[in-house]
Amino acid sequence: MSGMIKRELIPGSNLVGKETPTSKPAIPVKGAGLANEHCTIEYNEQEDKVTVFPNEDFKNHLTKINGELVQTPTVLNPGDRILFGSHIYYIFIHPNVNRDATFEYEEAVKEANKDQMSIRLEDDKALKELEEMKQKLKE
């Protein structure tokens, strides 16, 4: 099993979110950190342009493109990696460009963990500084 799921965008607005009895998003997602209305992907067929519109509470309901937090409407380019929440990955394949595009899994994992790694490095640095201070106090 590849874990690969394909979703075709319909022209117009495509809601990404949790499925509920009253809401059936075009791209249903499940998991922690995901909202019922997580974000919207707008496909403008006339302009041949796809834009991601983040949730109003984008800091708590993360959407990232190529590792960067989406805070304002952002146009997708073929091959862009989209992360919804902390673990739902898609790669944007434009039907008019390259249906057989691929991506490097390791690069996607690095993008997903970039923030956590940064926090870990800061924690390690603070811990080292604390140990050095303790050592100086003992002297």
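In the predicted model, 29% of the 139 residues of the protein chain are buried. The chain exposes about 10,100 Å², of which carbon and sulfur atoms supply 51%. Among contacts between residues at least 6 apart in sequence, 34% join residues that lie at least 24 apart. The secondary structure comprises nine strands and one helix, and along the sequence these elements follow the pattern β-β-β-β-β-β-β-β-β-α.

The strands are considered next, by sheet. Five of them form an open sheet with mixed pairing, in the order β2-β1-β3-β4-β7. Strands β2 and β7 (74–75) occupy the edges of this sheet; each has a single partner strand, so one side of each is left without a neighbour in the sheet. Within the sheet, strand β1 (residues 12–17) runs antiparallel to β3, and five bridges join the two. In this pairing Gly12 is located opposite Tyr43 of β3. The pairing of β1 with strand β2 (residues 27–28) is parallel and extends over two bridges, with Gly17 placed opposite Pro28 of β2.

A further open sheet contains four strands in the order β6-β5-β8-β9, and its pairing is antiparallel. The edge positions belong to β6 (68–69) and β9; because each has a single partner strand, one side of each is left without a neighbour in the sheet. Strand β5 (residues 63–65) is joined to β8 by three antiparallel bridges, and the bridge partner of Thr63 in β8 is Phe84. On the other pairing of β8, four bridges link this strand to β9, again in the antiparallel sense. There, Leu83 stands opposite Tyr89 of β9, while Phe84 stands opposite Ile88. Strands β8 and β9 form a hairpin with three residues between the strands, and in this hairpin Gly85 adopts a positive phi near 65°. The side chains of β8 were also examined by direction: Arg81 and Leu83 point one way from the strand, Ile82 and Phe84 point the other way, and all are buried.

Attention then turns to the interior. In soluble globular proteins, nonpolar side chains tend to be buried together. The largest nonpolar core of the model has 18 residues, of which Leu9, Val16, Ile41, Val50, Val52, Leu76 and Phe84 touch the most other members. At least two residues of this core are supplied by each of β3 (39–44), β4 (49–54), β8 (81–84) and β9 (88–91). The largest share, three residues, comes from β3. Strands β3 and β4 belong to the five-stranded sheet, whereas β8 and β9 belong to the four-stranded one; each of these four strands supplies at least two residues of the core.

Val16 illustrates the surroundings of one of these core members. When its neighbours within four places in sequence are left aside, Val16 is in contact with Pro25, Ile27, Val29, Asn36, Glu37, His38, Cys39, Ile41 and Phe84. Two of these contacts, Ile41 and Phe84, are themselves among the core residues that touch the most other members. Phe84 thus recurs in several settings: Phe84 is the bridge partner of Thr63, stands opposite Ile88 in β9, is buried, and is in contact with Val16.

Technical notes: Residues numbered from 1 in each chain as written. Predicted model: local features only at pLDDT ≥ 70, side-chain atom pairs only at ≥ 80, totals over all residues. Heavy atoms only, no water. Buried < 20%, exposed > 50% of the residue type's maximum accessible area, 1.4 Å probe, protein only. Contact = heavy atoms within 4.5 Å. Areas by Shrake-Rupley, 256 points an atom, 1.4 Å probe, with all protein chains shown as cover. Core = buried A, V, L, I, M, F, W, Y, C linked by side-chain atoms within 4.5 Å. Pairing = 2+ DSSP bridges.
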